[in-house]
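Trainee: Before I use any of these terms at the bench, I would like to go through them with you and ask what each one rests on.

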Amino acid sequence: MRVLVTGGAGYIGSVVTEQLIGDGHTVVVYDNLAKGHAQAVVYGAEFVEGDLAEGDKLNNTLAEHRIEAVIHMAASSLVGESVSEPAKYYNNNVVTGLVLLNAMLACEVKKIVFSSTAAVYGEPEEQPISESAPTNPTNTYGETKLAFERAMHWYEGAHGLRYASLRYFNAAGATEKCGEDHDPETHLIPITLQAAAGKRAHVEIYGEDYPTSDGTCIRDYIHVVDLARAHILALDALSERSAVYNLGCGGDGYSVREVIETARRVTGREIPVRVGPRRPGDPAVLIASSDRIKRELGWAPEFQDLELIVESAWNWMQAHPDGYQS
Ligand SMILES: NC(=O)c1ccc[n+]([C@@H]2O[C@H](COP(=O)([O-])OP(=O)(O)OC[C@H]3O[C@@H](n4cnc5c(N)ncnc54)[C@H](O)[C@@H]3O)[C@@H](O)[C@H]2O)c1
């Protein structure tokens, strides 16, 4: 298939591109490099530097490359920033998303796989979280992702758009070539590994008084390759129906302390920690039920073991001590 990957110069987008190309698809990466890296655009992909707001450029790119489907990963995704700057998030995650949908319609591209998030659920009462849990975002980021999901639903009714919305839990890990290089970095695993590498003084633990086995929050981590494989399965299934899928590894998840301990084992380094107060809006436990995508598409995570996830991230970080600059 000829696929446009928006945000393909970012962390997950680069791995999705790598997997698509490995499977023989033709990929055009569309990214404004606001957060991504030109060096992260995988060899073999065509790169168009452009913003989602540029409707004409999107139209031309879709038409010129005879794109058949879009994987839409470009977004703003810092939870804290989304609360203090809602306009930025409505604009980049909803308004420009509609520019993309309209360009797709104009070019008769009717298939889209969308990067959604567990943040659409807010603070659910039941764990593991299934797709039928109520959506009740507690921040603008989750709210804007949900708004785009709803837009796709209505575009399906009116225009026959087919969509798969993938609600990711915490993506982590790396391939040999593609890894996580965010600025600022807000994700626990790279932060912990930066502390192991001496690039930050310590890891901050936000609250140690949660009702969990060691008092720290429990989260569900999914290897970025397993996540990328799910996109390809979802893309293939779009000819049959639209769908919403959770993507996490499920199980019992891992606490913040368990992640840090695993990183100590994998790296063999000291990792200083500092315990601070809870952050507002951090639920004690967030675990996905990914039963639906397993059942309907036969998806199965290959790298469920946290040690493998952390090891892959550490290997990438050691090969790229200054991220994509190195
Ligand atoms: N990383 C996670 O754990 C996680 C979890 C849930 C959902 N997500 C979602 O997955 C997607 C990818 O996440 P990531 O961690 O790879 O993020 P990322 O920031 O590394 O990648 C996003 C890319 O989109 C590009 N971009 C942003 N706005 C754009 C615009 N207007 N026009 C063109 N390009 C634009 C950025 O330059 C960047 O390369 C995002 O939509 C994010 O919300 C990520």
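Mentor: We will take the ligand and then the strands, keeping in mind that this is a predicted model.

Trainee: What makes N92 a polar contact of the ligand?

Mentor: A polar side-chain atom of N92 lies 2.7 Å from a nitrogen atom of the ligand, and the cut-off for a pair of N or O atoms is 3.5 Å, so the pair counts as a polar contact. N92 is also among the residues that come nearest to the ligand, together with D31, M73, Y141 and K145, out of 29 residues around the ligand.

Trainee: How do you know that K35 and A171 belong in that category, and which part of each residue is involved?

Mentor: In both cases the backbone is involved: a backbone N or O atom of K35 lies 2.9 Å from an oxygen atom of the ligand, while a polar backbone atom of A171 is 3.1 Å from an oxygen atom of the ligand. Each distance is within 3.5 Å, so each pair meets the definition. As for cover, the protein takes up 96% of the 820 Å² of accessible area that the ligand has on its own.

Trainee: Which elements give two or more residues to the shell around the ligand, and what is the shell like by class?

Mentor: The elements are α1 (11–22), β5 (111–117) and α5 (140–159), and β5 provides the largest share, three residues. By class, the shell has 13 nonpolar, 12 polar and four charged residues.

Trainee: Why is strand β2 called largely enclosed?

Mentor: A residue is buried when its relative accessible area is under 20%, and five of the six residues of β2 (residues 26–31) are buried, so the strand is largely enclosed by the rest of the structure.

Trainee: How do you know that β2 pairs with β1 and with β3?

Mentor: Pairing requires at least two bridges; five bridges join β1 (residues 2–6) to β2, and four join β2 to β3 (residues 46–49), so both pairs qualify. The strands run parallel in the pair with β1 and also in the pair with β3. V28 of β2 is the bridge partner of L4 and stands opposite E46 in β3.

Trainee: What makes β12 and β14 edge strands?

Mentor: In the open sheet of three strands, the order is β12-β9-β14 with mixed pairing, and β12 (254–255) and β14 (285–286) each pair on one side only. Strand β9 (residues 218–219) and β14 pair in the parallel sense over two bridges, with R219 opposite L286.

Note on methods:
Residues are numbered from 1 along each chain as its sequence is written. This is a predicted model: local features need pLDDT of at least 70, side-chain atom pairs count only at pLDDT 80 or more; totals for chains, interfaces and linings use all residues. Side-chain values use heavy atoms; hydrogens and water are left out. A residue is near a molecule or strand if one of its heavy atoms lies within 4 Å of it. A polar contact is a pair of N or O atoms within 3.5 Å; within protein, one must be able to donate a hydrogen and the other to accept it, and residues adjacent in sequence count only if both atoms are side-chain atoms. Accessible areas come from the Shrake-Rupley method with a 1.4 Å probe; for residues, only the protein chains shown count as cover. Ala, Val, Leu, Ile, Met, Phe, Trp, Tyr, Cys and Pro count as nonpolar, Asp, Glu, Lys and Arg as charged, and the others, Gly among them, as polar. Buried means under 20% relative accessible area, exposed over 50%, partly exposed in between (1.4 Å probe, protein chains only).
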